[in-house]
Amino acid sequence: TTNTPTPTPTPTPTPTGPSKNARGNIVKQVGEPATLVNTQGGNKTLVTYIVKSITPNFKCTSQYAQKSENGNFIAVALDVTTGSAEDMKAASLSEAGFLQWKVITPQGTTENNVNTAPAYGCAKESDRLPMSIGPGEHVEGLIVLDAKSSNGGLVMGYPMSNAGGWEYSF
């Protein structure tokens, strides 16, 4: 009689953290919070934001609006809450921190130059995300992008992070 060894099941390690797509981004849904944590500073929350809506073919509301350079304005409505002054030591946030958006076409190509001057001036100032966001603040506002695509994916990567970003389908 031949003794065949019985295979011993090996536990599959569970991945730490959220799963990522092929571009290395965490896939998020509209309305789902995303939090940026300062892992160098004791895991302090720098900012939590929620993409409340994504509106392709956005019609500009500013009296100074210009024509889209790329063909389509996309408005992203954000709800942003920053950490306390203590949590945000050595970190600064501004609207520029939220302009690290990329538009991915349905074919998977990243569009160039979606942060145009016409995009910045598209929404009236009272509707835009504030220029400066301090510690312990809660703000809401729009970011407008200027893209060729009216559908696909939006990727938000924070400029101080090299760990990918968050990706939303629209």
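**Exercise 1. Work out how β2, β3 and β4 are joined.**

Start with the bridges: nine of them join β3 to β4, and these two strands run antiparallel. For a concrete register, take I50, which stands opposite D79 in β4. A heads-up before going on: this is a predicted model.

Now look at the other pairing of β3. Strand β2, residues 33–38, pairs with β3 in the antiparallel sense over six bridges. Two positions help you line this pair up. N38 stands opposite K44 in β3, and V37 has T45 as its bridge partner in β3.

**Exercise 2. Sort the side chains of β2: which point to the buried face, and which to the other?**

Walk along the strand and the side chains alternate. Step one: A34, L36 and N38 point to one face, and they are buried. Step two: P33, T35 and V37 point to the other face and are not buried.

Put this together with the pairing to β3. N38, the residue opposite K44, belongs to the buried set. V37, the bridge partner of T45, belongs to the set that is not buried.

**Exercise 3. Find T82 and decide whether it is buried or exposed.**

First, place the residue: T82 lies in strand β4. Next, check its relative accessible area, which is 7%. The cut-off for buried is under 20%, so T82 counts as buried.

Finally, look across the fold. T82 and V47 are 35 residues apart along the chain, yet their C-alpha atoms are separated by 4.3 Å.

**Exercise 4. Lay out the open sheet and name its edge strands.**

The order is β1-β10-β9-β6, four strands in an open sheet, and the pairing is mixed. The edges are β1 (26–27) and β6 (101–104); each has a single partner strand, so one side of each is left without a neighbour in the sheet.

Zoom in on the β1 end. β1 pairs with β10 (residues 166–169) in the parallel sense, over two bridges. To spot the register on screen, find V27, which stands opposite E167 in β10.

**Exercise 5. Describe the second largest pocket: what lines it, and which strand gives the most?**

Begin with the volume: the second largest pocket holds about 190 Å³ of space. Twelve residues line it, and N25, Q100, K102, V155 and G157 lie nearest its centre.

Then split the lining by class. You get four nonpolar, six polar and two charged residues. As for strands, β6 gives the most to this lining, with three residues. Recall that β6 is also one of the edge strands of the open sheet.

**Exercise 6. Which residues have a positive phi although they are not glycine, N57 and N113 being two to check?**

Take N57 to begin with. N57 has a positive phi of about 60° without being a glycine. Its place is the loop between β3 (44–56) and β4 (72–82). N57 has 46% relative accessibility, so it counts as partly exposed.

N113 gets the same treatment. Its phi is positive too, at about 50°, and N113 is not a glycine either. You'll find N113 in the loop between β6 and α1 (117–120). With a relative accessible area of 49%, N113 is partly exposed.

**Exercise 7. Say where T116 sits and what T116 touches.**

Stay in the loop between β6 and α1, as T116 is found there. Its relative accessibility is 5%, so T116 counts as buried. Now skip the neighbours within four places in sequence: T116 is in contact with E69, N70 and D146.

**Exercise 8. Step back and sum up the whole chain.**

Count the elements: the chain has one helix and ten strands. Read along the sequence, they follow the pattern β-β-β-β-β-β-α-β-β-β-β.

Next comes burial. The chain has 170 residues, and 39% of them count as buried; T82 and T116 are among the buried ones.

Then the surface. Its accessible area comes to about 9,900 Å², and 51% of that belongs to carbon and sulfur atoms.

Last, check how contacts span the sequence. Take the contacts with a separation of 6 or more: residues 24 or more positions apart account for 68% of them.

Terms used. Residues are numbered from 1 along each chain as its sequence is written. This is a predicted model: local features need pLDDT of at least 70, side-chain atom pairs count only at pLDDT 80 or more; totals for chains, interfaces and linings use all residues. Side-chain values use heavy atoms; hydrogens and water are left out. Two strands pair if DSSP finds at least two bridges between them. On a 1 Å grid over the protein atoms alone, a cavity is a set of points where a 1.4 Å probe fits but cannot get out, and a pocket is an open set with protein on both sides within 12 Å along at least five of seven lines; lining residues have an atom within 4 Å of a point. Grid points are joined across faces, edges and corners, and a volume is the space filled by probe spheres set on the points. Ala, Val, Leu, Ile, Met, Phe, Trp, Tyr, Cys and Pro count as nonpolar, Asp, Glu, Lys and Arg as charged, and the others, Gly among them, as polar. Buried means under 20% relative accessible area, exposed over 50%, partly exposed in between (1.4 Å probe, protein chains only). Contact means heavy atoms within 4.5 Å. Accessible areas come from the Shrake-Rupley method with a 1.4 Å probe; for residues, only the protein chains shown count as cover.
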